Amino acid sequence: MAHVLGIDLGTTNSCVAVWRDGRAQVIDSAEKERTTPTAAGQPTPGQWIVGAPARWQAQTNPEFTFSGLKRILGRSLEDPLVLQAQSMSPFSIEASPDGFAWVRTRDGLQSPQTVLAHVLRKMRSSAEAYLGEPATACVMTIPAYFGIAQKAAAKEAALLAGLQVVRLLPEPSAAALAYGLERGADKTIAVFDLGGGTFDVSILKIRGRAFTVLATEGDQFLGGDDWDSRIIDAVADPFRASYGVDLKADRVALQRLRDEAEKAKIRLSSLEAYDIALPWIALDPRTGQKLDVFHAMTREALDELTRDLVARLTPPCDAALAKAKLTPRDLDEVVLVGGMTAMPAVRDAVRLLFGRTPRQDVSPECAVAIGAAIRGAALTGEIRSITMNEPLPHSVGLELEGGAFHPILKRGAVTPVRKRADVFTTSQPDQQAVAIRLYEGDLTVAGDNRALGVLILDGITPRPAGEARFDVTLDVDAD
């Protein structure tokens with residue numbers, strides 16, 4: 001059978017791997033890097049540049065360079081997370097005809113999945129060059145909290161890139177595979193995943209080749225981008241106070257500052273100090289002279305600026321342990337995933353939270369793609385079968401008369417799962433049709449949850465209210 005790619009479509013960077021010659025191998029990008037920036041830009045209408053080249057031209061073309069789209073994938077424009085992304089984005093995020101968050105490209109409004117397909121197509125091309133043959137199947141990883149609409153959007157992005165998703169795999173489970181497949185011993189582990197845009201922590205039980213997720217918690221809007229924003233503020237606010245120039249109001253200046261902030265964050269993971277220098281970033285409104293930015297940043301200063309962000313890592317970890325009915329002492333290992341776990345302050349927080357030194361023997365930036373490649377090899381029979389027991393991240397149910405939400409499959413139910421609901425009846429005399437409104441979420445009012453769709457059941461024989469009876473069965477597969 002043809003190779004199945006393992007693809008980690010990240011918020012900031014993406015990675016592709018494949019099982020070959022008895023092991024999972026990360027495939028370098030065309031730029032000879034292990035990861036590909038999850039970015040796509042349009043210098044002119046109809047022209048797209050992807051990955052590192054898109055990042056390189058972002059400073060001169062910020063309005064049409066798209067990154068961080070995973071945060072808005074499959075979400076409505078009114079979603080609080082989209083509104084937050086909208087306030088920080090150099091490009092325009094607008095409503096599609098059906099209310100989803102789309103972006104304004106040089107070719108008009110396009111869905112995030114359409115733009116992300118360019119990134120996936122680039123990774124597919126790198127994989128095919130490496131393998132010397134076509135590659136059209138993949139295991140794609142997703143955040144553990146992704147709902148049904150977001151999963152569908154992720155699959156659509158892959159399809160637009162010419163890829164068939166044979167399995168969606170939550171990122172913590174993929175990381176557990178990368179670290180735990182051939183270790184031999186039964187164990188209970190915590191996967192601490194802090195990337196560019198999101199934070200997840202999952203507790204997993206590994207018994208041989210069976211992986212069961214006991215609990216997952218996280219923060220859907222906490223990641224490396226937030227550390228970058230603090231550095232931007234630390235530079236831009238004093239600059240405005242000194243010269244009356246708001247660098248954050250100038251898209252080109254802001255993009256230059258954002259790129260330098262990310263570089264400073266990375267450098268300060270290994271250095272004690274880094275000088276942020278941006279020549280000719282603005283003009284002095286009083287004299288017309290060119291203004292430069294020079295800001296000496298230390299690791300200690302960055303830790304102080306982001307102390308509250310680090311503090312936000314604690315509640316999800318505590319909640320995941322509580323949901324799994326475990327204490328830190330019950331864990332055998334803690335695994336780090338995501339580029340942000342390279343920061344000393346984050347690693348110190350993990351040691352304090354779990355009372356142990358986390359494992360770092362697999363690249364945090366590549367572990368998820370490696371795990372996806374391992375899962376793909378199991379699906380093709382290249383390695384022995386693996387059992388993955390994944391919980392539903394949100395309840396799924398129906399709207400009752402009066403607008404209440406009636407969950408049929410509750411959050412945490414292990415997939416695949418099939419359940420027949422209670423018997424429902426008509427509410428009006430001589431009613432010949434009913435609208436079955438399906439929602440995903442955990443709030444008591446149906447309309448406050450995410451609408452999945454409406455099924456119209458018609459052809460009901462007229463009779464008194466309550467006499468026509470029907471039941472609903474929900475069937476959720478492994479994806």
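Let's start at Ala 273, which sits in strand E16, a run covering residues 273-283, in what is a predicted model. With a relative accessibility of 45%, Ala 273 counts as partly exposed. Leaving aside residues up to four places away in sequence, Ala 273 touches Leu 268, Met 297 and Thr 298. Ala 296 is 23 residues from Ala 273 along the chain, yet the two C-alpha atoms are separated by 7.3 Å.

Stay on the strand and you get to Trp 280, also part of E16. Is this tryptophan buried or exposed? Trp 280 counts as exposed, because its relative accessibility is 58% and the cut-off for exposed is over 50%. Trp 280 still has company: outside its sequence neighbours up to four places away, it touches Arg 256, Lys 290, Leu 291 and Asp 292. For Asp 292, which is 12 residues from Trp 280 along the chain, the C-alpha separation is 4.9 Å.

Now for a tryptophan in another setting. Trp 227 belongs to the largest nonpolar core, a set of 50 residues, and is listed with Phe 192, Leu 247 and Phe 354 as having the most contacts inside it. Helix H6, residues 224-243, supplies the largest share of this core, with 7 residues. What does Trp 227 touch, beyond residues up to four places away in sequence? The list runs through Leu 194, Leu 222, Lys 265, Thr 306, Leu 309, Val 310, Met 340, Met 343 and Val 346. There is also a second, separate core of 43 residues, with Val 16, Leu 77, Val 82 and Leu 116 among its members. As background, nonpolar side chains in soluble globular proteins tend to be buried together.

Back to H6, and to its helix partner. H6 packs against helix H7 (residues 251-267) at an angle of about 115°, and the axes are 8 Å apart. The crossing of H6 past H7 is right-handed. On the H6 side, the contact is made by Gly 224, Trp 227, Asp 228, Ile 231, Ile 232, Val 235 and Ala 236. H7 answers with Leu 254, Leu 257, Arg 258, Ala 261, Glu 262, Ala 264 and Lys 265. Sorted by class, this contact has 9 nonpolar, 1 polar and 4 charged residues. Trp 227 is thus a residue to look at twice, as it appears among those with the most contacts in the core and again in the contact with H7.

Next, follow the chain to Leu 313, in the loop between helix H9 (307-311) and helix H10. Leu 313 counts as buried because its relative accessibility is 0%. Apart from residues up to four places away in sequence, Leu 313 touches Phe 192, Leu 194, Phe 199, Leu 222, Val 346 and Leu 353. One of these, Val 346, is 33 residues from Leu 313 in sequence, with 8.7 Å between their C-alpha atoms. Val 346 is touched by Trp 227 too.

After that loop comes H10 itself, residues 314-324, where Pro 316, Cys 317, Ala 320, Leu 321 and Ala 324 are buried. Why do these buried residues line one face of the helix? Looking down the axis of H10, they fall within an arc of 135°, so they share a face. The general background is that an α-helix has 3.6 residues a turn, so residues three or four places apart point the same way. On the other side of H10, Pro 315 and Ala 322 are exposed. The cover over the buried residues includes strands E13 (187-194), E14 (199-207) and E15 (210-219), along with helix H11 (344-354).

H10 is followed by Lys 325, in the loop that leads on to strand E18 (333-337). Lys 325 is not a glycine, but its phi is positive, about 60°. Lys 325 counts as exposed, since its relative accessibility is 76%.

Further along the chain there are a couple more backbone details. Thr 415 and Pro 416 are joined by a cis peptide bond, with omega about -5°. Pro 416 sits in the loop between strand E22 (414-415) and strand E23 (417-420). Then there is Asp 430, in the loop between strand E24 (424-425) and strand E25 (433-440). Asp 430 is another non-glycine residue with a positive phi of about 60°. Its relative accessible area of 49% makes Asp 430 partly exposed.

Technical notes:
Residues are numbered from 1 along each chain as its sequence is written. This is a predicted model: local features need pLDDT of at least 70, side-chain atom pairs count only at pLDDT 80 or more; totals for chains, interfaces and linings use all residues. Side-chain values use heavy atoms; hydrogens and water are left out. Buried means under 20% relative accessible area, exposed over 50%, partly exposed in between (1.4 Å probe, protein chains only). Helices (H or I, at least four residues) and strands (E, at least two) are DSSP runs, numbered from the N terminus. The arc is that of the directions from the helix axis to the C-beta atoms. Contact means heavy atoms within 4.5 Å. A nonpolar core is a set of buried Ala, Val, Leu, Ile, Met, Phe, Trp, Tyr and Cys residues joined through side-chain atoms within 4.5 Å. Axes are lines fitted to C-alpha atoms, for helices over the stretch in contact, and angles run from 0 to 180 degrees between N-to-C directions. A crossing is left-handed if the near helix is turned anticlockwise from the far one by less than a right angle, and right-handed if clockwise. Ala, Val, Leu, Ile, Met, Phe, Trp, Tyr, Cys and Pro count as nonpolar, Asp, Glu, Lys and Arg as charged, and the others, Gly among them, as polar.
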